[in-house]
Amino acid sequence: MPELEVEGAGTFDVDEDRRLVLAIEEDAGVDIMHSCEGFARCSTCRVEFLEGDPEDMTQAELRMLEMRDLVGEARLSCQILVEHDMKVRVLMTVSETGANSPGGIPEEEVTPEPIYDERPY
Ligand code: FES
């Protein structure tokens with residue numbers, strides 16, 4: 001079972017292949033944003049990897065990171081499965097942004113249907 005460390009929240013055992021955004025919200029109890037419900041259209045679920053940055057990246061994630069000039073700076077937690085130990089810093093939370101809600105609940109599976117490439121850095 002992979003370990004997920006969320007800076008400021010602690011370390012948690014997470015079911016393998018759990019969607020990272022859900023592990024952060026439901027397992028670690030951090031109020032991470034996910035305004036587009038996990039469809040790689042908003043970038044509010046962004047995290048910084050301190051350890052364990054996955055080598056692959058969905059095409060949808062890369063497109064969004066390029067649009068926001070975040071390639072190499074952040075990853076979209078809705079596009080990542082917890083396949084190994086990871087340590088992350090959550091960059092946008094409900095409490096810090098003053099948003100009314102985190103957004104709709106993302107599905108258990110990565111959406112849209114993921115097409116993986118190697119990350120470009
Ligand atoms: S990009 Fe919107 S929730 Fe991940």
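Modeller: Helices (H or I, at least four residues) and strands (E, at least two) are DSSP runs, numbered from the N terminus. This is a predicted model, in which local features need pLDDT of at least 70, side-chain atom pairs count only at pLDDT 80 or more, and totals for chains, interfaces and linings use all residues. Residues are numbered from 1 along each chain as its sequence is written.

Biologist: Thanks! How many helices and strands does the secondary structure of the protein come to?

Modeller: Walking from the N terminus, you meet the elements in the order β-β-β-α-β-β-α-β-β-β-α-β. The total comes to three helices and nine strands.

Biologist: And what is the radius of gyration of the protein?

Modeller: The radius is taken over C-alpha atoms, and the globule rule is 2.2 Å times the number of residues to the power 0.38. For 121 residues that rule gives 14 Å. The protein comes close to this, so it is as compact as a globular protein of that length, with a radius of gyration of 13 Å.

Biologist: Let's look at the strands. How many residues lie between S1 and S2 in their hairpin?

Modeller: Strand S1 (residues 3–6) and strand S2 (residues 10–13) run antiparallel and are joined by four bridges; two strands count as paired if DSSP finds at least two bridges between them. Valine 6 stands opposite glycine 10 in S2. In the turn, glycine 8 has a positive phi of about 85 degrees. The number of residues between the two strands is three.

Biologist: Which residue of S8 is the bridge partner of valine 6?

Modeller: S1 also pairs with S8, this time in parallel, through three bridges. In that pairing, the partner of valine 6 is valine 88.

Biologist: Which residue of S8 is the bridge partner of glutamate 51?

Modeller: S4 and S8 pair in the antiparallel sense, over four bridges. There, the partner of glutamate 51 is lysine 87.

Biologist: Which residue of S6 is the bridge partner of arginine 46?

Modeller: Strand S4 (residues 46–51) runs antiparallel to S6, and two bridges join them. The partner of arginine 46 in S6 is leucine 76.

Biologist: What is the order of the open sheet of five strands?

Modeller: The pairing in this sheet is mixed. You have already met parallel S1 and S8 alongside antiparallel S4 and S8. Across the sheet, the order is S2-S1-S8-S4-S6.

Biologist: Which strands stand at the edges?

Modeller: Look for strands with a single partner strand, so that one side of each is left without a neighbour in the sheet. These are S2 and S6.

Biologist: Which element gives the most residues to the largest nonpolar core?

Modeller: A nonpolar core is a set of buried Ala, Val, Leu, Ile, Met, Phe, Trp, Tyr and Cys residues joined through C-beta atoms within 7 Å. This one has 26 residues, and those touching the most other members are Leu4, Val6, Val21, Ala23, Ile24, Ile32 and Val90. The elements giving two or more residues are S1, helix H1 (20–27), helix H2 (59–67) and strand S8 (86–90). With five residues, the one that gives the most is H1.

Biologist: How many of the eight residues of H1 are buried?

Modeller: A residue is buried if 20 or more other C-beta atoms lie within 10 Å of its own, exposed if 12 or fewer, and partly exposed in between, with C-beta atoms placed from the backbone. In H1, the buried residues are Leu20, Val21, Leu22, Ala23, Ile24 and Glu25. Their cover includes S1, strand S3 (18–19), strand S7 (81–82) and S8. H1 is thus largely enclosed by the rest of the structure, as its buried residues number six.

Biologist: In H2, within what arc do the buried residues fall?

Modeller: Ala60, Glu61, Met64 and Leu65 are the buried ones in H2. They line one face of the helix, because, seen down its axis, they fall within an arc of 130 degrees.

Biologist: Which residues does glutamate 61 contact, leaving aside its neighbours within four places in sequence?

Modeller: Glutamate 61 is buried, with 25 other C-beta atoms within 10 Å. Its C-alpha atom is separated by 6.4 Å from that of leucine 76, 15 residues apart along the chain. Two residues are in contact if their C-beta atoms, placed from the backbone, lie within 7 Å. By that rule, glutamate 61 contacts Ala40, Leu76 and Gln79.

Terms used:
Arc of directions from axis to C-beta.
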